[in-house]
Amino acid sequence: MTDPDYNCSLCPRLRGFILENRQLHPEWHNGPAPTWTPPEGPGSVELLIVGLAPGLRGANRTGRPFTGDFAGDLLYETLGAHGFASGQFEDCRDDSLQLRRTAITNAVRCAPPQNKPVGAEINTCRKFLNATIAGMHRLRAIVTLGKISHDSTVRGLGGKLSAHPFGHQCETEIGGVRIFSSYHCSRYNTNTGRLTPEMFNAVFTDVAKFLAT
């Protein structure tokens, strides 16, 4: 199973948080955010983007990764500029946006309180990340957004963190898959200048050059 069941209860704290939000906002998705793939399916994916976790008012509300919060504005604009997405991105999942050769998922599939998953939740959810990666037979590159997603991806691929450290615009390779790490495209990181659009664009410029070879 590549995606958790909608009523997944493997992480009690996350399950309780989701149930609270189902009461408060019954019109929201309020469940694990599934991996988003291009129309051709996971077998066509060459690039996987791994985020941290669904934002409370983002993917937890809309049911689609990076849709409904600021991080998606920068991500999808950048993907479109490099040919990894087409169509118009809007604050909903039924816009005209489509991914091209690209899939998007999260290291943790359920929205955590204060957007901070704990170690046990990250470890528990890694089996879904592993299954997602295993189903992408043409996968050549992974962009990890932030240290948590980077470390979970490295562990999922069987690598050691000491041999594959996180760093913005750094690259490493495990099992024939090239990993490109980036600061997360969150509002906090962009507002503080930790990540600029130019810095984020540079990561995907590197990805595009790699996939063109």
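**Exercise 1. Sort the residues that line the largest pocket by class, then find which helix gives the most to the lining.**

*Step 1.* The lining has 12 nonpolar, nine polar and three charged residues. Here Ala, Val, Leu, Ile, Met, Phe, Trp, Tyr, Cys and Pro count as nonpolar, Asp, Glu, Lys and Arg as charged, and the others, Gly among them, as polar.

A word on the input: this is a predicted model, in which local features need pLDDT of at least 70, side-chain atom pairs count only at pLDDT 80 or more, and totals for chains, interfaces and linings use all residues. Residues are numbered from 1 along each chain as its sequence is written, and side-chain values use heavy atoms, with hydrogens and water left out.

*Step 2.* The space in this largest pocket is about 480 Å³. A pocket is an open set of points on a 1 Å grid over the protein atoms alone, where a 1.4 Å probe fits, with protein on both sides within 12 Å along at least five of seven lines; lining residues have an atom within 4 Å of a point. The volume is the space filled by probe spheres set on the points, which are joined across faces, edges and corners.

*Step 3.* Gly55, Asp69, Asn115, His184 and Ser186 are the closest to the pocket centre among the 24 lining residues.

*Step 4.* Both α3 (70-81) and α6 (187-191) supply at least two lining residues, and α6 gives the most, with three. Helices (H or I, at least four residues) and strands (E, at least two) are DSSP runs, numbered from the N terminus.

**Exercise 2. Work out which way each side chain of strand β4 points, and how β4 pairs with β1.**

*Step 1.* In β4 (residues 102-106), five of five residues are buried, that is, under 20% relative accessible area with a 1.4 Å probe and protein chains only; exposed is over 50%, and partly exposed is in between.

*Step 2.* A general rule helps: in a regular strand the side chains alternate between the two faces of the sheet. In β4, Thr102, Ile104 and Asn106 point one way, while Ala103 and Thr105 point the other.

*Step 3.* β4 pairs with β1 (residues 47-51) in the parallel sense over five bridges; at least two DSSP bridges are needed for a pair. One link to look up is leucine 47, whose bridge partner in β4 is threonine 102.

**Exercise 3. Describe the aromatic cluster around Tyr76, and place arginine 64 relative to its rings.**

*Step 1.* Rings of Phe, Tyr and Trp (its six-membered ring) pair if their centres lie within 6.5 Å; planes under 30 degrees apart are stacked, over 60 edge-to-face, and the rest tilted. This rule gives five aromatic pairs.

*Step 2.* Tryptophan 36 and tyrosine 76 are edge-to-face, 5.9 Å centre to centre with 75° between the planes. Tryptophan 36 lies in the loop between α1 (12-24) and β1 and tyrosine 76 in helix α3, so this pair ties together parts 40 residues apart in sequence.

*Step 3.* Tyrosine 76 and phenylalanine 89 form a tilted pair, at 4.7 Å and 40°. Phenylalanine 89 is in the loop between β2 (85-86) and β3 (98-99), 13 residues from tyrosine 76.

*Step 4.* Trp36, Tyr76 and Phe89 therefore belong together as one aromatic cluster under the pairing rule. Tryptophan 36 and tyrosine 76 are buried, and phenylalanine 89 is buried too.

*Step 5.* The charged end of arginine 64 sits over the ring of tryptophan 36, 4.3 Å from its centre. Arginine 64 also lies over the face of tyrosine 76, at 5.9 Å. The test asks for NZ of Lys or CZ of Arg within 6 Å of the ring centre and within 35 degrees of the ring normal.
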